[in-house]
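Thanks for making the time this morning. I would like to walk through one structure with you, going from helix packing to a few individual residues, and I will try to keep each statement modest.

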Amino acid sequence: MTSPTGTGGRGRFADYGRPRRVDGGLRARSSRGAIGVSWWSRRFLEVLESFALGTRLTRGRAYARAGQVVRLDIAPGTVSATVQGSRPRPYQVHIALAVFPEQLWTRIEAELAGQAFFSARLLAGDLPAELEELFTAVGAPLFPATVTELAQRCSCPDSAVPCKHLAATFYLLAEAFDADPFALLHWRGRSRDALLDRLRELRGTGTKPSSTGTLGTVRPAAAGAARALTDLPVAPLAETVDRFWLPPVPLPDRPPSLASRPDLLLRQLGAPAPAIGGPGLLERLREAYRQLGE
């Protein structure tokens with residue numbers, strides 16, 4: 001975006017007046033207050049606000065709620081939108097964020113498939129809050145660490161970044177993440193179907209990366225009743241037909257055990273709302289739980 005007057009994009013831009021009304025535009029579901037209800041959409045907006053974009057973002061909130069965004073498309077590495085302003089021709093908005101390399105996605109998928117908790121939640125259509133920590137641990141942070149990781153471009157004459165059209169797109173993007181949590185992963189380079197198909201494949205074949213970085217076959221760890229029956233001998237079928245109606249072999253006496261971290265409850269909950277402390281409160285509570293558990 002370039003300034004038409006060399007004075008920060010004001011001048012002629014300030015005289016354009018109210019935006020033209022749009023019929024059938026994408027309107028934010030939230031009519032007042034904060035936008036975004038899921039942990040991933042709120043976290044996305046919190047990251048943007050941490051870049052000192054908070055006041056600039058609010059410029060586009062009214063646009064988002066008025067339905068000025070005509071189109072919003074999410075593709076690997078790129079978000080594109082059409083936003084109607086005060087001029088007859090709508091503005092074209094583009095927001096780019098680098099996708100994860102294929103080799104890194106292979107590692108991510110193996111890590112997700114190796115933990116039943118993540119696989120079950122993802123296959124159920126949910127993104128657990130712990131997912132952000134896992135992605136960060138493998139060197140693939142879900143959210144940008146600096147504003148320079150976001151390439152923002154709008155065809156309007158305003159030199160502010162983000163302008164109100166970009167800001168409106170950010171808000172609608174957050175709500176798109178609410179509607180489809182996999183849209184965030186799609187932006188990072190993996191579609192919902194491709195990711196879930198790969199998780200089903202890995203969970204079904206029992207594969208994980210070997211120490212050399214390639215995939216190797218491993219035997220899934222036994223759990224529940226299968227764990228208790230692991231050491232029992234397997235008799236040939238011909239020798240067991242006559243014993244079908246006999247009482248079963250008693251299970252080994254193994255007392256149940258459950259090892260859990262003291263902050264297990266915090267790990268199940270999403271990040272607190274900014275009004276009560278946000279992620280900072282979560283870290284303070286986690287430290288308190290850790291000290292209580294010692």
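Let me begin with a definition: a helix axis here is a line fitted to the C-alpha atoms over the stretch in contact, and the angle between two such axes runs from 0 to 180 degrees between their N-to-C directions. Two packed helices are described by the angle between their axes and the distance between the axes. Please also keep in mind throughout that what you are looking at is a predicted model.

First, the chain as a whole. The protein chain holds 10 helices and 6 strands, and 36% of its 294 residues count as buried. If we take the contacts between residues at least 6 apart in sequence, 69% of them join residues at least 24 apart.

Now to the helices, starting with α3, residues 116-123, and α4, residues 130-137, whose axes come within 11 Å and cross at roughly 120°. Angles of 65 to 115 degrees would count as roughly perpendicular and angles over 145 as roughly antiparallel, so α3 is oblique to α4. The crossing of these two helices, α3 and α4, is left-handed. On the α3 side the residues involved are F117, F118 and L122, and they meet E130, L131 and L134 of α4. Sorted by class, that contact of α3 with α4 has 5 nonpolar residues, no polar ones and 1 charged residue.

Helix α4 also packs with α2, residues 102-113, at an angle of about 135° and with the axes 10 Å apart. By the same reasoning, α2 and α4 are therefore oblique to each other, while the crossing of α2 and α4 is right-handed. Here W105, I108, E111 and L112 from α2 meet L131, L134 and F135 from α4, and the residues of this contact divide into 6 nonpolar, no polar and 1 charged.

Which residues of α4 are buried? They are E130, L131, E132, L134 and F135, and of these, L131 and L134 are named in the contact with α3 as well as in the contact with α2. Just after α4, G139 takes a positive phi of about 85°.

Let me move to a pair of residues that touch each other, F182 and R190. F182 sits in helix α6, and is buried because its relative accessibility is 2%, where the cut-off for buried is under 20%. Apart from its neighbours within four places in sequence, F182 is in contact with L122, G125, D126, R190, R192, L195 and L196. For D126, which is 56 residues away from F182 along the chain, the C-alpha atoms of the two are separated by 8.3 Å.

R190 is placed in the loop between α6, residues 182-187, and α7, residues 192-205. Is this arginine, R190, buried or exposed? Its relative accessibility is 10%, so R190 counts as buried. The side chain of R190 is joined to that of E109 by a polar contact of 2.7 Å, and beyond four places in sequence R190 is in contact with E102, W105, E109, F182, L185 and L195. W105 is a residue we have already met, in the contact of α2 with α4.

I would like to turn next to D73, which lies in strand β1, residues 69-75. With a relative accessible area of 36%, D73 is partly exposed. The side chains of D73 and R71 are joined by a polar contact of 2.5 Å, and, not counting residues up to four places away in sequence, D73 touches T78, V79 and S80. L173 is 100 residues from D73 in sequence, yet their C-alpha atoms are 9.1 Å apart in space.

Finally, the loop between β4, residues 151-154, and α5, residues 164-179, is where P162 is placed, and a cis peptide bond, with omega of about 5°, joins V161 to P162. S155 lies in that loop too, and at 43% relative accessibility S155 counts as partly exposed. The side chain of S155 reaches the backbone nitrogen of Q92 at 2.8 Å, and S155 is in contact with Y91 and Q92 once neighbours within four places are left aside. S155 and P90 are 65 residues apart along the chain, with 8.8 Å between their C-alpha atoms.

Definitions and conventions
Residues are numbered from 1 along each chain as its sequence is written. This is a predicted model: local features need pLDDT of at least 70, side-chain atom pairs count only at pLDDT 80 or more; totals for chains, interfaces and linings use all residues. Side-chain values use heavy atoms; hydrogens and water are left out. Helices (H or I, at least four residues) and strands (E, at least two) are DSSP runs, numbered from the N terminus. Buried means under 20% relative accessible area, exposed over 50%, partly exposed in between (1.4 Å probe, protein chains only). A polar contact is a pair of N or O atoms within 3.5 Å; within protein, one must be able to donate a hydrogen and the other to accept it, and residues adjacent in sequence count only if both atoms are side-chain atoms. Contact means heavy atoms within 4.5 Å. Angles under 35 degrees count as roughly parallel, over 145 as roughly antiparallel, 65 to 115 as roughly perpendicular and the rest as oblique. A crossing is left-handed if the near helix is turned anticlockwise from the far one by less than a right angle, and right-handed if clockwise. Ala, Val, Leu, Ile, Met, Phe, Trp, Tyr, Cys and Pro count as nonpolar, Asp, Glu, Lys and Arg as charged, and the others, Gly among them, as polar.
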